[in-house]
Amino acid sequence: MSEHPTTHYRTIWISDVHLGTKGCQATALLDFLKHTESDTLYLVGDIIDGWQLKGKWFWPQSHNDVIQKLLRKCRQGTRVIYVPGNHDSFARHYVEQNFGGIEVVEETEHVTADGRRLWILHGDRFDGVVQFAPWLAYVGDHLYTVALTFNMWLNNARARMGLGYWSLSQYLKQKVKNAVSYISAFEDAVMQEARKNNYDGVVCGHIHKAEIREVDGILYCNDGDWVESMTALVEHEDGSLHIVTWTPPTVVREKKTRRSRLRGAVVMPQQAEDPIAEPVARVAREQEADPPAPTEETGKEEDARSVIQA
Ligand SMILES: [Mn+2]
């Protein structure tokens, strides 16, 4: 049982849930969805991880429950708008259609109660203009502690093999530094594009880092993720925006459910497993994408194209 009362917001944004992966905090998200209500709920991409599901099937009951909860909210009158991301780009085939009332759009606009026009998109289209791998932001963090121990072991081994000292922690520190510059480069690129398109601000996900900040009159909001930070962006009745960090109830360990038993219960479009869907969508994006003019730091177009996908 959780001690959270039900809270009503004008709008809620969540993204980067990555249903279908072990990292997904479905139980915490379910708790959040049970205790919050909104006129509009935006699903800002990477809700279902089609990339992972293509490889190894992982779909416990709680992941199904999240989908059912979203559909139930829709039936009960919440306007649910789904803006697919790069991990669930299969859903981009359903743009302008709906799944059980959930509207699917490539990107959209939201007007706050106080009249600000916000651009709603996942954010992966900026991968082409921003270098470095975003996953390093949190992988680096955890790995760093482990690295200190591992480094000792590694260098003992290297010494035995007659090799010189090599600092893994230094290497990782550099990676973390790159991740930090990745995040600020991403935020800058998104804000620059929002300004170009005459929006007052932008709400995105993708980099798993919740944030609200304003730079020169442009509002940048990122709703974070449900893999690690368990965050959502909310709009109150007066139009003010806040990040909610959800403290999950006591974590109940989930039993891995058998694939055969679950197959029939999964609510998912068949295209999720279509190996062509993702490459096609990626090519289409690359062709369609109209990235902002390269700046000095991100000027090398060719290098930028080969960036690891978030
Ligand atoms: Mn993403």
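Two strands count as paired if DSSP finds at least two bridges between them. With that in hand, let's start at a hairpin in this predicted model. Strands β9 and β10 run antiparallel and are joined by five bridges. Just two residues sit between them in the hairpin, and Asp216, in the turn, has a positive phi of about 50°. One of the pairings involves Val215, whose bridge partner in β10 is Ile218.

Now look at β9 on its own. How many of its five residues are buried? The count is zero, so β9 is hardly covered, given that a residue needs 20 or more other C-beta atoms within 10 Å of its own to be called buried.

On to the other neighbour of β10. Strand β8 (residues 201-204) runs parallel to β10 (residues 218-222), and four bridges join them. Within this pairing, Val203 has Cys221 of β10 as its bridge partner.

Put these pieces together and you get an open sheet of five strands, in the order β6-β7-β8-β10-β9, with mixed pairing. The edges are taken by β6 (108-111) and β9 (211-215), each of which pairs on one side only. On average, neighbouring strands of this sheet are turned by 20° against each other, direction ignored. As a general reminder, strands of a sheet pair through backbone hydrogen bonds, either parallel or antiparallel.

Let's move to some pairings earlier in the numbering. Strand β2 (residues 36-43) pairs with β3 (residues 79-82) in the parallel sense, over four bridges. Here Leu41 stands opposite Val80 of β3. Strand β3 also runs parallel to β5 (residues 102-104), this time with two bridges joining them. In that pairing, Tyr82 stands opposite Val104 of β5.

For a helix, pick out α3 (residues 61-75), which contains Ile67. Is Ile67 buried or exposed? Ile67 is buried, because 21 other C-beta atoms lie within 10 Å, and the cut-off is 20 or more. If you want a landmark, try Ile47: its C-alpha atom is 9.6 Å from that of Ile67, with the two residues 20 apart along the chain.

Finally, a word on confidence. The chain has a mean pLDDT of 77, and 66% of its residues reach 70 or more. Over residues 252-310, though, the pLDDT is below 50, while the stretch has 71 contacts in the model beyond near neighbours in sequence. Where pLDDT is low, the predicted coordinates should not be read in detail.

Definitions and conventions:
Residues numbered from 1 in each chain as written. Predicted model: local features only at pLDDT ≥ 70, side-chain atom pairs only at ≥ 80, totals over all residues. Axes fitted to C-alpha atoms, helices over the stretch in contact; angles between N-to-C directions. pLDDT = per-residue confidence, 0-100. Contact = placed C-beta atoms within 7 Å. Buried ≥ 20, exposed ≤ 12 C-beta atoms within 10 Å, placed from the backbone.
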